[in-house]
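Q: I have a structure on my screen and I am new to this. Can you show me how to read it, feature by feature?

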Amino acid sequence: MAIDIGGTKIAGALVHPDGTMTAATRRPTPRAVDAEGVMAAVAEVVADLSASPLWSSAVRCGIGSAGPVDTSRGTVSPVNIGAWRDFPVQQRIAAELAARGAELPTVLAGDGVAMTAAEHWLGAARGYANALCMVVSTGVGGGLILNNQLHPGPTGNAGHIGHISVAFDGEPCVCGSRGCVESIASGTAIARWARDQGWTPAAGSGPGGSGGADGADGPGSAGDATAAGVAAAAAQGDPIALAAFDRAGRALAAAIAASATLVETDIAVIGGGVAAAGDTLFGPIRTHLAQYATLSFVQELQVVPATLGTHAGLIGAAAAATMLLPPSETASSA
């Protein structure tokens, strides 16, 4: 059983051992409600799943959520769900399952860790024993696979590459540090920097693509002042737009090289809306990576796009449950 909680939707599915999904369902994430109002939408998703004839076959439940998360306590405080602060989501979902006759072991994972589990199971990191996977969107998150094991750390935040500092004299980050990758390479940061340098979107009917306020997703169109619009301008050769993505690519390359040097990863997989820019983003990353990943054991490091797209949340929640729950609790799935 997989549940994926984000700022725009709450989704659920029953996930088979081959990664196919049954009984997929979703609800929009409620706005302007209290904590219980958001939980009510989660309960509706659980109720939908419980109507499936396969409900009684579920053996574990994975919960993927936007962060910050604290998996040691089972709590979440998503930036994009203001009503939840230190909300005990794991306990509450376990209670919903039990109330419907499914007393299952549950596990909580941040969305970056869930994406990592998904890409290692069925995506671009499949077959790699050591991998860094990243989500570059409104923020920059990630997760680690080490020795074929998901490595979330004590609170579920290991691999959070967005808050590695790559610019000692850089601008302050929302986390309180300075010069973080997220403050340079997120969709929000790319668009802000380009506008500050004098870039303006081509005249048009308004923001395009599906990127929302931060330009995190999809190609831009005329009048799009988000990162998606910057990517579209870069594809047309706009020098400021190209510089914005070069700057973001350099920050990502520095962080990827530092992480690979620390734990000897073989591959870096990048997903999230900003990765939809394709070579506009990946070209600068690979160019700059050659300047940072210089030691012999990281020179062959690969950087590739994620492959699972919008399915990564649910598949990742299921994969995280399989990888993180103790063997004694998952043996029944064999």
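A: Keep in mind that this is a predicted model. Start with two paired strands. E8 and strand E11 (residues 267-271) pair in the parallel sense, over five bridges. Cysteine 133 stands opposite valine 269 in E11.

Q: Which strand do six bridges join to E8, and in which sense do the two run?
A: That strand is E9 (residues 140-146), and E8 and E9 run antiparallel. Here cysteine 133 faces glycine 143 of E9. Three residues sit between E8 and E9, and the two strands form a hairpin.

Q: Is E8 largely enclosed or not, and why?
A: Count its buried residues. Buried means under 20% relative accessible area. Five of the six residues of E8 (residues 131-136) are buried, so the strand is largely enclosed by the rest of the structure.

Q: How do I read a sheet of several strands?
A: List the strands in order, then look at the edges. One open sheet has five strands in the order E3-E2-E1-E4-E7, with mixed pairing. Its edge strands are E3 and E7 (106-110), and each pairs on one side only. Neighbouring strands of this sheet are turned by 15° against each other on average, direction ignored.

Q: How many bridges join E4 to E7?
A: Five bridges join them, and the two strands run parallel. Glycine 64 stands opposite alanine 109 in E7.

Q: Which helix packs on the sheet, touching E2, E4 and E7?
A: Helix H3 (residues 111-122) does, and its direction makes about 100° with that of E7. Helix H9 (residues 312-324) lies across E1, E2, E3, E4 and E7, running at about 125° to E1.

Q: How do I check the length of a helix?
A: Compare the expected span with the modelled one. Take helix H7 (residues 239-263). At 1.5 Å a residue, its 25 residues should span 36 Å, and its end C-alpha atoms are 36 Å apart, so the two values agree.

Q: What caps the N-terminal end of H7?
A: Aspartate 238 does. One of its side-chain oxygens lies 3.0 Å from the backbone nitrogen of isoleucine 240. Just after H7, glutamate 264 takes a positive phi of about 60°.

Q: How do I describe a pair of aromatic rings?
A: Use the distance of the centres and the angle of the planes. A search of the whole structure finds one aromatic pair. The rings of tryptophan 84 and phenylalanine 87 have centres 4.4 Å apart and planes at 5°, so the pair is stacked. Planes under 30 degrees apart count as stacked.

Q: Is tryptophan 84 buried or exposed?
A: Tryptophan 84 is buried, at 0% relative accessibility. Phenylalanine 87 is buried too, with a relative accessible area of 6%.

Q: What should I look for in the backbone of loops?
A: Check for positive phi in residues other than glycine. Alanine 32 has a phi near 55°. Alanine 32 lies in the loop between strand E3 (21-28) and helix H1 (35-50). With a relative accessible area of 87%, alanine 32 is exposed. Asparagine 148 has a positive phi near 65°. Asparagine 148 sits in the loop between E9 and strand E10 (149-150). Its relative accessible area is 41%, which makes asparagine 148 partly exposed.

Q: Where is there a cis peptide bond?
A: Look from glycine 67 to proline 68, where omega is near 10°. Proline 68 lies in the loop between strand E4 (61-65) and strand E5 (69-70).

Notes: Residues numbered from 1 in each chain as written. Predicted model: local features only at pLDDT ≥ 70, side-chain atom pairs only at ≥ 80, totals over all residues. Heavy atoms only, no water. Phe/Tyr/Trp six-rings, centres within 6.5 Å; stacked < 30°, edge-to-face > 60°. Buried < 20%, exposed > 50% of the residue type's maximum accessible area, 1.4 Å probe, protein only. Helix = DSSP H or I, 4+ residues; strand = E, 2+ residues; numbered from the N terminus. Pairing = 2+ DSSP bridges. Expected span 1.5 Å × (residues − 1). Polar contact = N/O pair within 3.5 Å; in protein donor to acceptor, adjacent residues only side chain to side chain. Axes fitted to C-alpha atoms, helices over the stretch in contact; angles between N-to-C directions. Contact = heavy atoms within 4.5 Å.
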